[in-house]
Amino acid sequence: MNRVSGVSGFSLLPEGCISEIIALTSPRDAGRASAISSAFKSAAEFDSVWEKFLPSDYPEIISRSVSPVVYSTKKELYFLLCDTPILLDGSNLSFMLNKWSGKKCYMLGARELSIVWGDTPDYWEWTSLPESRFPEVAELLRVCWLAIGGKMQTQMLSPKTTYAAYLVFKLAEWNHGLDVPSKASVGFVAEGQEGAEDSNHTVYLKLATDRPQPLRGLRRRAARQPNGRLPQKRIHLLWYGSTKYLD
């Protein structure tokens, strides 16, 4: 980089020009640029920069929030959506952004899912949990056929992004019948069709035993449950790059 009197050539550019350059990068790069110099730090605060990092349809999304979304700058809005999921559409849908990529992350509430016999009090009870972001959760009482499904318009998602789908659940202290293999599938559904499965996986909602065991024991149980995906403890984690959020 050429330097004039020890000052970076970039620093001689107008702030507006620097902000345009930063807006072509990523939120992570914008944060790094702020540490270069006071000129970069000032340029990285521009609303025009963070407007680029926000989804193009963010005004429509936050207009559906059940609570007011209050912010003074686009940067503040960006990190608000990264750090605090907002509830949309009558509290049945949760939305947030991946902090490092700005990609959209959604979670469907239980009321937004298709649950076989979900409205039958003998099988399911609708209640609340203090640790859930949603006002209602579905509690399984007993059932001979467990079938849960959910759908989302692909237009809602960020383009050119690899997504993963997770079923988030909590086991009651006393439970039974969930350590058998189940089938999980993810696919695309064309308009007017019932469904189309693109991928199928064998999954387990519960390990063969809930007693804490060392990793060797976990591996042995996995060997006894071949070709199956085992449940993992719920954690707050952002998977950078492929935009996955467990919460």
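In the predicted model, the protein chain contains seven helices and 14 strands. Of its 247 residues, 28% count as buried. The accessible surface of the chain amounts to about 16300 Å², and carbon and sulfur atoms account for 54% of this area. Contacts between residues at least 6 apart in sequence were also examined; 47% of them join residues at least 24 apart.

Helix H1 spans residues 15–23, and its buried residues are Ile18, Ser19, Ile22 and Ala23. These four residues lie on the same side of H1, because the arc they cover around the axis is only 140 degrees. In an α-helix there are 3.6 residues a turn, so residues three or four places apart point the same way. The cover over the buried residues of H1 includes helix H2 (27–33), helix H3 (38–43) and helix H4 (47–53). For Ile22, contacts beyond four places in sequence are made with Ala30, Ala33, Phe40, Ala43, Ala44, Val49 and Phe53.

Ile22 also belongs to the largest nonpolar core, which has 26 residues; together with Leu81 and Phe95, Ile22 is among those with the most contacts inside this core. At least two core residues are supplied by each of H1, H2, H3, H4, helix H5 (58–63), helix H6 (74–83), strand S3 (86–88) and strand S4 (93–97). The greatest contribution to this core is that of H6, with four residues. In soluble globular proteins, nonpolar side chains tend to be buried together.

Helix H6 also holds a charged residue, Lys74. Lys74 counts as buried because its relative accessibility is 15%, below the 20% limit applied to buried residues. Leaving aside residues up to four places away in sequence, Lys74 is in contact with Asp47, Trp50, Glu51, Leu54 and Tyr58.

On the surface, Leu140, Leu146, Ile148, Leu167, Phe169 and Leu171 form a nonpolar patch of about 450 Å². One of these patch residues, Phe169, is located in the loop that runs between strand S9 (148–149) and strand S10 (182–186). The relative accessible area of Phe169 is 36%, and this residue is therefore classed as partly exposed, a class that lies between the limits of 20% for buried and 50% for exposed residues.

Notes. Residues numbered from 1 in each chain as written. Predicted model: local features only at pLDDT ≥ 70, side-chain atom pairs only at ≥ 80, totals over all residues. Heavy atoms only, no water. Buried < 20%, exposed > 50% of the residue type's maximum accessible area, 1.4 Å probe, protein only. Contact = heavy atoms within 4.5 Å. Areas by Shrake-Rupley, 256 points an atom, 1.4 Å probe, with all protein chains shown as cover. Arc of directions from axis to C-beta. Core = buried A, V, L, I, M, F, W, Y, C linked by side-chain atoms within 4.5 Å. Patch = residues over 30% accessible without salt bridge, like charges linked within 9 Å, V, L, I, M, F, W, Y side chains within 5 Å. Salt bridge = Lys/Arg side-chain N within 4 Å of Asp/Glu carboxyl O.
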